[in-house]
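Please load the model in your viewer, show it as a cartoon with side chains available on demand, and keep the selection panel at hand. The stops below each begin with something to select.

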Amino acid sequence: VRSSGDEMHMWGSIDEIDAIKAARNGANGEYLWFRRGKQAYVVTDPALLARALEATRQTDEPERRMEELEAQMEPHERKMELLEERMDALSDDSEPTSRAIAAERQMEILGRKQEELARRQEKLAQQQEDAEGDEELIAQLARQMETLGEQHDELGRLMDEQAKVVDEEYGRIEVRQAPMQALSREMELASEPMEALGEQMEAQSRVVEKASARVERELRKIIDEAIARKLAIPLAARASVPRVKAP
């Protein structure tokens, strides 16, 4: 923890933040805080703190570069968020209307009726074939066939009316989808620099992780040395330990 108390290099759980900041109450300047098991310690020895600070500098440049990439990514992310909001608004206006849905349902009903009529016409045609020579029956069947034909024509007319409604409604949707397609292309173009930056950030993240691992190893050595040299002060005993001013 640096002397200001607002800057720190940390490895571990953020759940420890309050305990780390609380340790500042008895510290003067910089200090190193760590926990072994259930016991928390601080180190204020200037030489060990200097080594700890030098170790943490290994992550300064990689983290600075990562911050630069994040700053470059931020305006692209804001732009993409605005584009997505526009796309959401357009999507709400591209769903089939209730009129189109009703027309499609009506067409399904009419289609089933046409199928039923077709079966009845096929059956009558077979009866006409079987009634060869029976002029009266043939005439009767012909009248029935004519009636079915008229019904079939009426169903066809009604089907055409509903099909026209569907075409009109989906034509309107297609017109509304044109700006969506243009916006989709705009989003694709906007995503290209984000993808490139994302790859750089991923690579830089690996650099940061490696540097962080090196720092952690060095800090563990410093902590082990502090314990061995009795320079690691258990927090409960710190009140009796003279404060050491950091350089």
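Select Leu-32 and Val-43 together: in this predicted model, Val-43 of β2 is the bridge partner of Leu-32. Extending the selection to the whole of β1 (32-36) and β2 (residues 39-43) shows two strands that run antiparallel and are joined by 5 bridges. Between them the hairpin has 2 residues, and here Gly-37 is worth a click, since Gly-37 takes a positive phi near 65°.

Next, add β3 (233-234) to the selection. The link from β2 to β3 consists of 2 bridges, again with the strands running antiparallel. To find the pairing by residue, pick Val-42, whose bridge partner in β3 is Ile-233, and then Tyr-41, which stands opposite Pro-234 of β3. With the 3 strands displayed, an open sheet appears in the order β1-β2-β3, with antiparallel pairing; β1 and β3 are its edge strands, each of them pairing on one side only. Colouring by accessibility at this point shows that β2 is mostly covered, with 4 of its 5 residues buried.

What packs on this sheet? Bring helix α5 (residues 135-228) into view, and α5 can be seen packing on the sheet, where it touches β1 and β2, while its direction makes about 80° with that of β1.

Keep α5 on screen and add helix α2 (residues 46-56), whose axis comes within 9 Å of the α5 axis, the two crossing at roughly 170°. Because a crossing angle over 145 degrees counts as roughly antiparallel, α2 is described as roughly antiparallel to α5. To display the contact itself, select Leu-48, Arg-51, Ala-52, Ala-55 and Thr-56 on the α2 side, and Val-215, Glu-218, Leu-219, Ile-222, Glu-225 and Ala-226 on the α5 side. Colouring this contact by residue class gives 7 nonpolar, 1 polar and 3 charged residues.

Within that group, centre the view on Thr-56, a residue of helix α2. Is Thr-56 buried or exposed? Its relative accessibility is 5%, so Thr-56 counts as buried. Leaving aside residues up to four places away in sequence, Thr-56 touches His-9, Trp-11 and Val-215, and Val-215 is also one of the α5 residues in the contact just displayed.

Now move to Glu-30, which is placed in the loop between α1 (17-22) and β1 (32-36). Glu-30 has a relative accessible area of 12% and is therefore buried. Showing side chains here, with Arg-2 included, brings up a polar contact of 2.7 Å between the side chain of Glu-30 and the side chain of Arg-2.

For the last stop, select Leu-83, which is found in helix α3 (residues 60-92). To see how far this is from the starting point of the tour, draw a distance between the C-alpha atoms of Leu-83 and Leu-32: the separation is 47 Å, for two residues that are 51 residues apart along the chain. Leu-83 counts as buried, at 3% relative accessibility. Which residues does Leu-83 touch, when those up to four places away in sequence are not counted? Selecting Leu-183, Glu-186, Met-187 and Ala-190 displays these neighbours of Leu-83.

Notes. Residues numbered from 1 in each chain as written. Predicted model: local features only at pLDDT ≥ 70, side-chain atom pairs only at ≥ 80, totals over all residues. Heavy atoms only, no water. Axes fitted to C-alpha atoms, helices over the stretch in contact; angles between N-to-C directions. Parallel < 35°, antiparallel > 145°, perpendicular 65-115°, else oblique. Contact = heavy atoms within 4.5 Å. Nonpolar A, V, L, I, M, F, W, Y, C, P; charged D, E, K, R; others polar. Buried < 20%, exposed > 50% of the residue type's maximum accessible area, 1.4 Å probe, protein only. Polar contact = N/O pair within 3.5 Å; in protein donor to acceptor, adjacent residues only side chain to side chain. Pairing = 2+ DSSP bridges.
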